[in-house]
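Colleague: Could we go through this structure together? I would like to begin with the contacts between the chains.

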Amino acid sequence: MEEVKLHYDVNAYDFTCAGEASGKLKRSLKDLGFDASLVRKVAIAVYEAEINMVIHADGGVIDATITPECITVVLADKGPGIPDVELAMKEGYSTAPENVRSLGFGAGMGLPNIKKYTDEMNIDTEIGVGTTITLKIYNQ
Amino acid sequence: MDVKELAEKLELKVLCGKNLEREISGCYCGDLLSWVMSRAQEGDVWLTVMGNINSVGVAVLADVACIVLTENAALDEDALKRAEQNDVIILQTEKNSYQMAAAISKMI
Ligand SMILES: Nc1ncnc2c1ncn2[C@@H]1O[C@H](COP(=O)(O)OP(=O)(O)OP(=O)(O)O)[C@@H](O)[C@H]1O
Ligand SMILES: [Mg+2]
């Protein structure tokens with residue numbers, strides 16, 4: 001398998017599309033023949049990061065690089081940034097507004113889930129500029 | 001046991017799903033999506049009152065066997081559309097999640 005690169009745009013505040021990019025990526029990984037448990041890990045992690053871009057930022061872009069050894073996904077937004085990353089990573093911490101809580105979001109479990117399901121996770125964020133999350137999942 | 005048998009025995013209303021022959025391996029209850037996302041197992045029956053489009057997204061990604069909307073929770077129209085596109089089975093019952101889970105645990 002050659003290196004495969006995939007790109008997705010994520011719209012802001014569009015819950016009708018939320019989860020679409022991670023769903024598409026999941027299908028592509030399945031078609032490429034990756035193991036179901038690896039596909040599930042990638043799908044969960046990317047879904048959480050995608051939803052965060054919809055809820056907390058103004059949408060953004062997702063770029064995935066797939067090789068037989070490793071799946072790397074970069075999710076970049078131009079949202080407000082995360083003031084305290086350590087706090088944001090805590091289970092249960094959420095600034096989700098009431099209108100999205102009523103949809104089932106806001107448990108404060110998204111970022112901890114990403115950590116749990118990836119081998120490497122890096123958050124690069126600047127207030128007023130945006131947030132870039134880089135995820136790596138190895139195929140072992 | 002598959003979803004078809006579950007739906008028949010527990011008299012669940014089928015809101016979405018053409019092929020109900022999907023094996024069931026367990027059950028998970030919850031309404032907070034990122035909680036469900038990481039805890040529900042592949043093949044679980046997912047009991048929830050969340051009938052919006054995001055539930056369908058979670059069901060697809062977590063690979064649950066089906067969604068059961070308890071307490072007759074409503075299914076949004078756009079959620080139904082997304083479920084049809086993604087072959088997600090959605091059932092409905094007037095029972096609450098506790099009653100449903102108790103009944104399922106006797107069957108699997
Ligand atoms: N892309 C982002 N831009 C700005 N802030 C973010 C971003 N992602 C996360 N955050 C901040 O980090 C907090 C924790 O995120 P996390 O995903 O863990 O929980 P949540 O999105 O609030 O709820 P859940 O994911 O459980 O539905 C958010 O409430 C928000 O304040
Ligand atoms: Mg989140």
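Modeller: Across the interface of chain A and chain B, ten residue pairs are in polar contact, both residues being at pLDDT 80 or more. A polar contact is a pair of N or O atoms within 3.5 Å; within protein, one must be able to donate a hydrogen and the other to accept it, and residues adjacent in sequence count only if both atoms are side-chain atoms. This is a predicted model, in which local features need pLDDT of at least 70, side-chain atom pairs count only at pLDDT 80 or more, and totals for chains, interfaces and linings use all residues. Residues are numbered from 1 along each chain as its sequence is written, chains are lettered from A and ligands numbered from 1 in the order in which they are written, and side-chain values use heavy atoms, with hydrogens and water left out.

Colleague: Which elements of chain A give two or more residues to the side that touches chain B?

Modeller: They are helix H1 (20–31), helix H2 (36–55) and helix H5 (110–117) of chain A. Helices here are DSSP runs of H or I with at least four residues, strands are runs of E with at least two, and both are numbered from the N terminus.

Colleague: How many salt bridges are there between chain A and chain B?

Modeller: The count is two, a salt bridge being a side-chain nitrogen of Lys or Arg within 4 Å of a carboxyl oxygen of Asp or Glu. One of them joins Arg82(B) to Glu20(A), with the closest N and O atoms 3.7 Å apart.

Colleague: A change of topic: how many disulfides are there over all chains?

Modeller: The count is zero, where a disulfide is a pair of cysteine sulfur atoms within 2.5 Å.

Colleague: Why is Cys27(B) not in a bond with Cys29(B)?

Modeller: Because the two sulfurs are 4.7 Å apart, which is too far for a bond. Cys27(B) is partly exposed at 29% relative accessibility, and Cys29(B) is also partly exposed, at 38%. Buried means under 20% relative accessible area, exposed over 50%, and partly exposed in between (1.4 Å probe, protein chains only).

Colleague: And helix H3 of chain B, is it mostly covered or open?

Modeller: Helix H3 (residues 53–62) of chain B is mostly covered, with ten of its ten residues buried. Among them are Ile53(B), Val56(B) and Leu61(B).

Colleague: What caps the N-terminal end of H3(B)?

Modeller: Asn52(B) does, through a side-chain oxygen that lies 2.8 Å from the backbone nitrogen of Asn54(B). After H3(B) comes Asp63(B), whose phi is positive, near 60°.
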